[in-house]
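Colleague: I should be grateful for a close look at a single part of this structure. Please describe one strand and its surroundings, and then extend the account as far as seems useful.

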Amino acid sequence: MADLAGTTPGAADVVVGIGHLKVVRGKRVVLPDFSLTLPRGQVVGLLGPSGSGKTTLMRAVVGVQTVAGGTVEVLGRPAGSPELRSRVGYMTQAVSVYSDLTVSENLTYFAALLGLGRPEVAQTIDRVELADHAGDLVGRLSGGERSRVSLAVALLGSPELLVLDEPTVGLDPVLRQSLWDLFRSLATGGTTLLVSSHVMDEATRCDRLVLLRQGRLLADTTPAGLLSQTGARNADQAFLVLERQAGGDT
Amino acid sequence: MTARRTFATARRILAQLRHDPRSIGLIMVLPCVLMGLVAWMFEDQPQVIDQFGPMLLVVFPVFVMFLVTSVTTLRERTSGTLERLMTTPIGKGDFLIGYALSFALLAALQAVVLTAWAHWVCGLDIAGSWVGLAGVAVLDAVLGSSLGLASSSVARTEFQAVQMMPVVIVPQLLICGLMMPRSAMPRVLELLSDAAPLTYALEAANDIAAGGSWAEAWPDLALTAGFTVAVLIAGVLTLRRRTA
């Protein structure tokens with residue numbers, strides 16, 4: 001395993017603390033024994049091939065995954081606690097908004113659940129650059145636009161922790177760039193972001209990289225660390241090197 | 001559970017319906033077509049429509065609202081929106097009552113349209129109060145909705161949700177007294193029909209249509225309402241924030 005990235009954070013700064021998490025789905029052990037700590041204000045990239053357990057891990061953090069063992073604490077409380085529901089934003093991999101409602105109707109509904117009003121709705125639609133489409137039905141938007149509606153819902157109420165499952169999938173490079181700028185500015189403001197991706201070149205934009213393989217931690221490092229450890233020229237290659245090393249171990 | 005979140009949910013569901021005028025059309029027109037068909041079949045025997053009309057007024061809304069509700073809520077499960085909602089401050093009660101309220105409104109509209117159609121177009125004559133009969137039809141449509149909500153929690157796919165209809169509604173239809181008087185059925189079936197909410201829904205409609213007093217009808221009405229509430233509570237209890 002690669003060496004650990006950040007320094008050990010103080011307890012008050014721990015946003016997510018996962019200890020010996022075990023998740024079984026059906027007959028398959030998705031996460032056998034997973035531990036991870038995320039401090040405040042980091043952009044953490046969760047990388048790994050599909051089926052490596054990224055989504056399951058994210059579901060456990062937001063508290064919708066049935067777990068078989070271990071602990072998941074978010075902002076000092078067990079994941080999924082009622083007090084956390086307005087402090088954690090979650091964007092699922094599938095576009096989980098109402099396709100038969102307009103962009104602003106979707107946002108207005110989720111805002112109402114959080115006790116937010118119109119100004120927040122308009123502001124959030126602006127943030128994902130969908131102001132021109134506010135009155136359009138989500139079902140009529142392009143794939144990239146739809147996923148931005150889904151992202152906007154997660155951003156509502158400026159949650160302290162954002163859990164985003166492949167937020168940039170299907171977006172063109174320009175939009176991807178602007179979303180990563182948005183993520184960066186949120187992190188600067190103290191938001192913690194856990195962002196999954198299978199696009200390795202996005203890895204370079206993260207503060208920290210957590211690489212998963214078959215439910216186990218393959219590496220917990222920084223973008224620079226990843227390259228220097230593996231001697232690879234880019235993130236894609238680095239992952240292949242690590243994957244080969246891990247494969248050779250088993 | 002808060003009134004704000006419940007009403008926000010109901011408003012959201014009504015907004016979704018508003019964007020789907022074709023479904024609203026089907027919900028309003030379909031029961032009328034079926035009622036019209038029966039009236040036409042027994043064109044020469046108006047006493048038949050007078051006898052069965054009030055019951056059909058109850059049965060069709062139960063059918064339609066059951067289907068609409070179970071498919072709509074199932075779609076919420078399969079699209080991932082329910083999972084997302086479960087990470088927000090919404091209460092399980094907000095979710096289900098929001099659904100019940102919005103579909104009750106739709107059901108009320110349907111009941112009024114169908115009752116008017118039965119009266120003025122199909123020539124249904126009743127001894128009792130039309131307003132009362134429409135009220136029973138609304139209550140029964142809400143019962144259909146709550147049964148649909150509850151059974152969608154058992155279904156995993158839309159196909160299964162539709163199959164819940166022959167499981168949950170049709171057996172009740174057969175034994176609720178529409179086909180033959182309950183007292184003429186084998187004892188076991190009669191006891192089963194005692195446990196079926198549709199039985200009371202139907203009896204309430206018959207009581208009111210026959211010009212019975214409220215004192216006669218209210219136990220059946222109370223039982224129908226009680227079943228509706230119990231089924232909704234069961235729906236809240238079976239809704240899970242965490243899933244495998």
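Modeller: In this predicted model, strand β8 of chain A, residues 192–197, has six of its six residues buried, so the strand is largely enclosed by the rest of the structure. The burial applies to both of its faces. Thr192(A), Leu194(A) and Ser196(A) lie on one side, while Leu193(A), Val195(A) and Ser197(A) lie on the other, and all are buried.

β8(A) has a parallel neighbour in strand β3 of chain A, residues 43–47, to which it is joined by five bridges. Within this pairing, Leu46(A) has Ser196(A) as its bridge partner. Another parallel neighbour is strand β7 of chain A, residues 161–165, again joined to β8(A) by five bridges. Here Asp165(A) is the residue that stands opposite Ser196(A). Ser196(A) is thus a convenient point of reference, with Leu46(A) as a bridge partner and Asp165(A) opposite. The connection from β7(A) to β8(A) involves helix α5 of chain A, residues 173–188, and these three elements make a right-handed β-α-β unit.

The wider setting is an open sheet of six strands in chain A, ordered β6-β7-β8-β3-β9-β10, with mixed pairing. β6(A) and β10(A), the latter at residues 216–221, stand at the edges with a single partner strand each, so one side of each is left without a neighbour in the sheet. Direction ignored, neighbouring strands of this sheet are turned by 15 degrees against each other on average. A further pair between β3(A) and β8(A) is that of Leu47(A), whose bridge partner is Ser197(A). Helix α1 of chain A packs on the sheet, where it touches β3, β6, β7, β8 and β9 of chain A, and its direction makes about 150 degrees with that of β7(A).

Chain A also holds an open sheet of four strands, in the order β2-β1-β4-β5 and with antiparallel pairing. Its edge strands are β2(A), residues 28–39, and β5(A), residues 77–78, each of which pairs on one side only. β5(A) is joined to strand β4 of chain A, residues 69–74, by two bridges in the antiparallel sense, and the bridge partner of Glu73(A) in β5(A) is Pro78(A). Helix α1 of chain A, residues 54–62, packs on this sheet as well, touching β1, β2 and β4 of chain A, and its direction makes about 120 degrees with that of β1(A).

Two residues of chain A deserve a remark on backbone geometry. Most residues other than glycine have a negative phi. His20(A), however, has a positive phi near 50 degrees. This residue lies in strand β1 of chain A and counts as exposed, at 55% relative accessibility. Gln214(A) is not a glycine either, yet its phi is positive at about 50 degrees. Gln214(A) is placed in the loop between β9 and β10 of chain A, and it is exposed, with a relative accessible area of 56%.

Helix α2 of chain A offers a further view of the buried parts. The helix has 12 residues, 103–114, which at 1.5 Å a residue should span 16 Å, and its end C-alpha atoms are 17 Å apart, which agrees. Its buried residues include Val103(A), Leu107(A), Tyr109(A) and Phe110(A). The buried residues of α2(A) pack against α3 and α4 of chain A, together with α1 and α4 of chain B. Just after the helix, Gly115(A) takes a positive phi of about 80 degrees.

Across all chains there are seven aromatic pairs. One stacked pair is formed by Tyr98(A) and Phe110(A), at 6.1 Å centre to centre and 20 degrees between the planes. This pair links distant parts of the chain, 12 residues apart: Tyr98(A) is in the loop between β6 and α2 of chain A, and Phe110(A) is in helix α2 of chain A. Both Tyr98(A) and Phe110(A) are buried. Ring pairs also bring in Tyr109(A), which forms a cluster with Tyr98(A) and Phe110(A).

Finally, in chain B, Gln110(B) is found in helix α5, residues 92–120. Gln110(B) is buried, with a relative accessible area of 0%. Leaving aside residues up to four places away in sequence, its contacts include Ile27(B), Met28(B), Pro61(B) and Ala141(B).

Definitions and conventions: Residues numbered from 1 in each chain as written. Chains lettered and ligands numbered in written order. Predicted model: local features only at pLDDT ≥ 70, side-chain atom pairs only at ≥ 80, totals over all residues. Heavy atoms only, no water. Expected span 1.5 Å × (residues − 1). Buried < 20%, exposed > 50% of the residue type's maximum accessible area, 1.4 Å probe, protein only. Contact = heavy atoms within 4.5 Å. Pairing = 2+ DSSP bridges. Right-handed = clockwise from strand over helix to strand, strands pointing away. Axes fitted to C-alpha atoms, helices over the stretch in contact; angles between N-to-C directions. Phe/Tyr/Trp six-rings, centres within 6.5 Å; stacked < 30°, edge-to-face > 60°.
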